[in-house]
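Grab a coffee and open the viewer. Here are a few short exercises to work through, each with a solution to check against.

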Amino acid sequence: MAAIKLDGLTKDYGEVLANDDLSLTVESGEVFGYLGPNGAGKTTTIRMLLGFIKPTAGTAYVLGTDVRDRRALVDAKEKIGYLSDEPGFDEQATGREILDLHASVKGDKRSDHLLQLFDPPLERKIRDYSRGNVQKLGLVTTFMHEPNLVILDEPTSGLDPLMKQKFTEFLRSERDRGVTIFFSSHILSEVQRLCDRVGIIRRGQLVTVDPVQNLLRRSGKAVRIDSAEPIPMSTLDIDGVHAIETGDSNGDTLESGDTFTQCAFTYTGDINELVTILPESDLLDVSIEEAPLEDVFMRFYGDDSDV
């Protein structure tokens, strides 16, 4: 049985079509990334999955339960963990009080282990928490009852790099235990580290569902080069170089016979091949990063009129 199934799921607010006829399946035991820029419709989908808002048309199933069946959904949610992008804890309560409240509602099978891992300051009041501490407490409350399905909305928001690494390792261990994980993100590197497959949503429409490696091959890397000496443009005449911008063109189109000292482009080829063609000396700086998500959409999924 699929852990999540969207079947023509639609939410129309009149002025905004937040979700437009979404259909996809998330298999049990899968880590599925729901990817898109802020405002794409990710949170609307999650809120419908959890029964917080009703679909305008179509439906969805979580753990085999139709989200339109409110009574059955209450029972199904005993096996679901959820972390909102804004957890909304009572700011006058302490972390310990929040934890005790969640334990009284849904049970507590593993908070001791989770507290050792994420270490939120339980004796402080929530009003004194940093954004990262709120998120760490939220992770404890999300997983403390050993859910079969976990839905996470931007789960690493506010976490420092070390805690992000711990969270990544923890999610991998949960996947190995057979837990299904559905999480929204706008950060490609998170998806690369964690996901089996991804669904991309843009302006309420599902653009593609793909194994994560397919997405990464298409998205490429953002490359910047800064050289002390001019480099011939012909150096970049290799497969995988797209959208070259230089600091030497002054708005003019550069030809293959021209040179540059500063250059930025998207690269979808083999990074090892790119490194071999660069000059061995006179390079001041070379940076290679994940391509911004919006660049991925514009390059591979068309402009707004196409989605």
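**Warm-up**

The protein chain has ten helices and 14 strands. Keep in mind that this is a predicted model.

**Exercise 1. Get a feel for the overall layout: find the domains and how far apart their centres lie.**

Step 1: Start with the box. Taken along the principal axes, the C-alpha atoms of the protein chain fill roughly 70 × 45 × 35 Å.

Step 2: Split the chain. Domain 1 covers 2-209 and domain 2 covers 220-290.

Step 3: Check the spacing. There are 40 Å between the C-alpha centres of domain 1 and domain 2.

Step 4: Look at burial. Of the 307 residues in the protein chain, 46% are buried.

**Exercise 2. Describe the largest pocket: its volume, its lining and the elements that build it.**

Step 1: The largest pocket holds about 600 Å³ of space.

Step 2: Its lining counts 28 residues, and K77, I80, Y82, K106 and H145 are the closest to the pocket centre.

Step 3: Three elements each give two or more residues to that lining, namely β6 (80-83), α3 (95-106) and α5 (131-143).

Step 4: Sort the lining by chemistry, and you get eleven nonpolar, ten polar and seven charged residues.

**Exercise 3. Work out whether T141 and G39 are buried or exposed, and place each one in the fold.**

Step 1: T141 sits in helix α5. Its relative accessibility is 3%, and the cut-off for buried is under 20%, so T141 counts as buried.

Step 2: See what the T141 side chain touches. It reaches the backbone oxygen of G138 at 2.9 Å.

Step 3: G39 belongs to the loop between β3 (31-35) and α1 (42-49). Exposed means over 50%, so G39, at 79% relative accessibility, counts as exposed.

Step 4: Now pair G39 with L188. They are 149 residues apart in sequence, and their C-alpha atoms are 16 Å apart in space.

**Exercise 4. Say how many disulfides the structure holds, and whether C195 and C263 are buried or exposed.**

Step 1: Recall the chemistry. A disulfide is a covalent bond between the sulfur atoms of two cysteines.

Step 2: Search the whole structure with a sulfur-to-sulfur cut-off of 2.5 Å. The search finds zero disulfides.

Step 3: Compare two cysteines with the 20% limit for burial. C195 has a relative accessible area of 7%, so C195 is buried. C263 comes in at 4% relative accessibility, so C263 counts as buried.

Methods
Residues numbered from 1 in each chain as written. Predicted model: local features only at pLDDT ≥ 70, side-chain atom pairs only at ≥ 80, totals over all residues. Heavy atoms only, no water. Domains from an automatic or database assignment. 1 Å grid on protein atoms, 1.4 Å probe; cavity = no way out; pocket = protein on both sides within 12 Å on 5 of 7 lines; lining within 4 Å. Points joined across faces, edges and corners; volume = space filled by probe spheres on them. Helix = DSSP H or I, 4+ residues; strand = E, 2+ residues; numbered from the N terminus. Nonpolar A, V, L, I, M, F, W, Y, C, P; charged D, E, K, R; others polar. Buried < 20%, exposed > 50% of the residue type's maximum accessible area, 1.4 Å probe, protein only. Polar contact = N/O pair within 3.5 Å; in protein donor to acceptor, adjacent residues only side chain to side chain.
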